[in-house]
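Got the viewer open? Let's take a walk through this one, one selection at a time.

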Amino acid sequence: MKEKELIFKTSGMEETMRFGKKLGMLLSPGDVVALVGELGAGKTTLVKGIVQGLGVTDRRAVKSPTFSLVHTYEGRMPVYHFDAYRLEDTQEMLDIGSDEMISGDGVAIVEWADKVSGCLPKEYLQITLTAVSAHERKIELRIYGYRYDEIIKNLFRT
Ligand SMILES: Nc1ncnc2c1ncn2[C@@H]1O[C@H](COP(=O)(O)OP(=O)(O)OP(=O)(O)O)[C@@H](O)[C@H]1O
Ligand SMILES: [Mg+2]
């Protein structure tokens with residue numbers, strides 16, 4: 001399995017959203033984005049940008065789906081936004097039908113993906129967010145599989 005890592009830094013939530021938007025514009029059906037990071041690291045903020053890039057116009061609709069576990073938005077394609085924070089294991093993810101939503105007709109984005117790694121496909125894009133200071137975040141991209149090579153190349157170009 002091919003692995004590559006890229007590191008970006010943002011200094012404010014707007015910049016994180018802009019980064020997310022650029023990434024969202026490059027995603028296609030079947031793509032899976034696994035988000036890792038502590039409470040308040042900026043996962044949901046990044047998701048707001050990603051869904052904007054995917055053509056979802058109302059980014060205010062994007063909130064951590066803490067209680068429902070998954071929110072679906074309609075953009076250029078369906079966007080499935082999961083939050084696994086409250087889950088103990090992968091079974092609950094499977095119970096809500098994650099299999100159909102992950103690597104399906106749309107893009108799947110999973111907050112706290114490390115808690116449900118068993119639900120992830122072989123190939124996915126992992127993004128780890130870390131708070132460096134009150135306003136700065138480190139954003140580490142790691143790709144598992146060739147599928148995301150083009151995306152990474154294009155993120156560098158823009
Ligand atoms: N550079 C930055 N990028 C993103 N968020 C930032 C940044 N600097 C400060 N913040 C703040 O950090 C917080 C990030 O909150 P957010 O809900 O996105 O985190 P989260 O990782 O989804 O947390 P949770 O695990 O609770 O869902 C916000 O209050 C935001 O204003
Ligand atoms: Mg969140």
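Leaving aside its neighbours within four places in sequence, which residues is Ile109 in contact with? Select Ile109 and look around: the contacts are Val33, Leu35, Val47, Ile50, Val79, His81 and Phe82. Two residues are in contact here if their C-beta atoms, placed from the backbone, lie within 7 Å.

A word on what you are looking at. This is a predicted model, where local features need pLDDT of at least 70 and side-chain atom pairs count only at pLDDT 80 or more, while totals for chains, interfaces and linings use all residues. Residues are numbered from 1 along each chain as its sequence is written, with chains lettered from A and ligands numbered from 1 in the order in which they are written.

**Zoom out**

Show the whole protein as a cartoon. You should find five helices and seven strands, where helices (H or I, at least four residues) and strands (E, at least two) are DSSP runs, numbered from the N terminus. Trace them from the N terminus and the order is β-α-β-α-β-β-α-α-β-β-β-α. The C-alpha trace spans about 35 × 30 × 30 Å along its principal axes.

The radius of gyration, taken over C-alpha atoms, can be checked against a globule rule of 2.2 Å times the number of residues to the power 0.38. For 158 residues a compact globule would come out near 15 Å, and the protein's 14 Å agrees with that. Among contacts with a separation of 6 or more, 66% are between residues 24 or more positions apart.

**Select β5**

Now pick residues 107-111, the strand β5. Five of its five residues are buried, so β5 is largely enclosed by the rest of the structure. Buried means that 20 or more other C-beta atoms lie within 10 Å of a residue's own; exposed means 12 or fewer, and partly exposed is in between, with C-beta atoms placed from the backbone. Turn the strand and you'll see Val107, Ile109 and Glu111 pointing one way, with Ala108 and Val110 pointing the other.

Next, add the strands beside it. Strands pair if DSSP finds at least two bridges between them. β2 runs parallel to β5, joined by four bridges, and Leu35 stands opposite Glu111 there. β4 also pairs with β5 in the parallel sense, over five bridges, with Val79 and Val107 as bridge partners.

Follow β4 to β3: these two run antiparallel and share five bridges. A hairpin of three residues links them, and Val70 sits opposite Phe82.

**Colour the core**

A nonpolar core is a set of buried Ala, Val, Leu, Ile, Met, Phe, Trp, Tyr and Cys residues joined through C-beta atoms within 7 Å. The largest one has 42 residues, and Ala34, Leu35, Ala108, Ile109, Val110, Ala113 and Leu125 touch the most other members. Elements giving two or more residues to this core include α1, α2, β6 and β7, but β2 gives the most, with five.

**Select α2**

Is this helix mostly tucked in or out in the open? In α2, 10 of the 11 residues are buried, so the helix is largely enclosed by the rest of the structure. Those buried residues pack against α1, β2, β3, β4, β5 and β6. Just after α2, click Gly55: its phi is positive, near 90°.

**Find the ligand**

Which residues are closest to ligand 1? They are Thr16, Gly42, Lys43, Thr44 and Thr45, out of 19 that surround the ligand; a residue counts as near if its C-beta atom, placed from the backbone, lies within 6 Å. β1, α1, α2 and β7 each supply at least two residues of this shell. By type, the shell divides into three nonpolar, 11 polar and five charged. For that split, Ala, Val, Leu, Ile, Met, Phe, Trp, Tyr, Cys and Pro are nonpolar, Asp, Glu, Lys and Arg are charged, and the others, Gly among them, are polar.

**Last stops: the loops**

Most residues other than glycine have a negative phi. Ser103, in the loop between α4 and β5, has a positive phi near 60°. Ser103 is partly exposed, with 18 other C-beta atoms within 10 Å. Trp112, between β5 and β6, also has a phi near 60°, and is buried with 20 such atoms around it.

Finish at Tyr146, in the loop between β7 and α5. Tyr146 is exposed, because just 11 other C-beta atoms lie within 10 Å.
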